[in-house]
Amino acid sequence: MKAAAFSYARATSIADALQLLARHGDDAKVLSGGQSLMPALNLRLAKPAILVDIGRLSELRGITVASDKVTIGALTRHVDLLGSREIAEELPLLREATAHVAHPAIRNRGTIGGNLAHADPASELPACMLALDATLVIRGADRERRVAAHDFFLGIYATALAADELLTRIEIPLPAPGIRYFFHEYARRSGDYALVGLAAMARTDNGRLSDLRLGYFAVGDRPQLVRAAARLVGVDVTPDLVAAAKAELMIELDPASDQQATAAMRRHLAGLLLARCVATVLDRPELAPEQAS
Amino acid sequence: MTAVIAIALTVNGEPVTADVKPRLNLVDFLRDDLGLTGTHVGCEHGVCGACTVRLDGEIVRACLTLAVQADGCAVETIEGLSDSGEIADLQNAFRARNALQCGYCTPGMLITAQDLLRQKPRPDRAEIREHLAGNYCRCTGYHAIVDAVESTARARTESAT
């Protein structure tokens, strides 16, 4: 299908973009890379009156590393994340997750800010933001505010962003040395949206988990940091304990059925991912005997 | 408000100026306004890869790019890559190995495969499959396409040494 008619304004600065958004309110949509917005327009799932194109605001691009955090500009593209030495060294979880986002031609245009602001519950990066405890920095006409990833994703395509605000950058605390990560997703085709996926960070201490952040995606209306992880922290992990955590996970998750997978299949895969994750970060393969790939 | 917007770009090296409606996507601009019908329209929502073109040297989905976003950019289509001879060996390998049947996906496949070979001259088969994973082919079953890309990579790297 073809997009419905809309008008177009290319923002010349962040201030200009904010003015345009303030003027047009809910009638406007922000265009960055367009890799989520354009399908929605072409399928006429979205019919904005005007697109505010921020794609040429170079001040919103780039990756910087400070002593305590990595800052990523909202217009940094997926291909930029994949090519970044800083991301590979400091945030390997994010690098691995980004490699699973769509396909090369889409990663060449899609941006991290667009990905997060679109808030597709099956997208990889929102779950990474939860696992990495990221902060999203949002600019409005008269103030800047900082929102924890946990408070940013509110539902399917719904975020804490107001119509007159712009996501400008993402700040991710530098993981402590020795921290472990795990990423895996099940998808029908490489690059497709996941049926179920998990982005996780873990700290270990003498064979025990001292911290475990399990960020699931494609299991509900938003990415989810699950409470079942707490069962496995600070104790000697046994197969029975993994089974108990999986049982708690089944209660906690409420996935939907669609043409890709039933809810029961999603629950099953989510449980497999929990066991694989724990087995991987503790280097104990016996904790995940059923190694489906 | 939906007034046309003036754009200036190059397409296959030639300067082009046009007045376009904001909603016009790049693939329709190339096909309908410029008559460059080698770029195909498949799904129109970024899934199939038939509309793949190069924008400033990088492959993109022309159905997920607005013509106004290409203002000031260099666009290269299958016509450009074909006429310049850049992918003549890859095209020959596709033909020799029956890597196409109806041909609908072929322009996108060729551009995507060439993108891989420019980044990684000697990819293994898994890497070829991964890079082409965003391009649907409904005829060949992909094996012949992977064969053609692999043999082109081998021939290029051997002739370079």
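Chain A of this predicted model is built from 11 helices and 14 strands. To judge how these elements are packed together, one can compare the chain with a simple rule: for 293 residues, a compact globule would be expected to have a radius of gyration near 19 Å, and because chain A has 19 Å, the two values agree. The C-alpha trace of chain A, followed along its principal axes, spans about 60 × 45 × 30 Å. Of the 293 residues in chain A, 54% are buried, where buried means that the relative accessible area is under 20%.

Helix α8 of chain A, which runs through residues 124-131, shows what burial looks like in a single element: eight of its eight residues are buried, and therefore the helix is largely enclosed by the rest of the structure. The buried residues of α8(A) include A:Glu124, A:Pro126 and A:Cys128, together with A:Leu125, A:Met129 and A:Leu130. After α8(A) comes A:Asp133, a residue whose phi is positive, near 55 degrees.

From this buried helix we can turn to the surface. A:Arg44 belongs to chain A and sits in the loop that links α2 (37-42) to β3 (50-53). Is A:Arg44 buried, partly exposed or exposed? Its relative accessible area is 34%, so A:Arg44 counts as partly exposed, a class that lies between buried, under 20%, and exposed, over 50%. On the surface, A:Arg44 gathers with A:Lys47, B:Lys21 and B:Arg23 in a patch of positive charge, and the names of these residues show that both chain A and chain B contribute to the patch.

Definitions and conventions: Residues are numbered from 1 along each chain as its sequence is written. Chains are lettered from A and ligands numbered from 1 in the order in which they are written. This is a predicted model: local features need pLDDT of at least 70, side-chain atom pairs count only at pLDDT 80 or more; totals for chains, interfaces and linings use all residues. Side-chain values use heavy atoms; hydrogens and water are left out. Patches are made of residues with over 30% relative accessible area and no salt bridge: like charges are joined within 9 Å, nonpolar side chains (Val, Leu, Ile, Met, Phe, Trp, Tyr) within 5 Å. Accessible areas come from the Shrake-Rupley method with a 1.4 Å probe; for residues, only the protein chains shown count as cover. A salt bridge is a side-chain nitrogen of Lys or Arg within 4 Å of a carboxyl oxygen of Asp or Glu. Lys and Arg count as positive and Asp and Glu as negative; His and the chain ends are not counted. The place of a charge is taken as NZ of Lys, CZ of Arg, CG of Asp or CD of Glu. Helices (H or I, at least four residues) and strands (E, at least two) are DSSP runs, numbered from the N terminus. Buried means under 20% relative accessible area, exposed over 50%, partly exposed in between (1.4 Å probe, protein chains only). The radius of gyration is taken over C-alpha atoms; the globule rule is 2.2 Å times the number of residues to the power 0.38.
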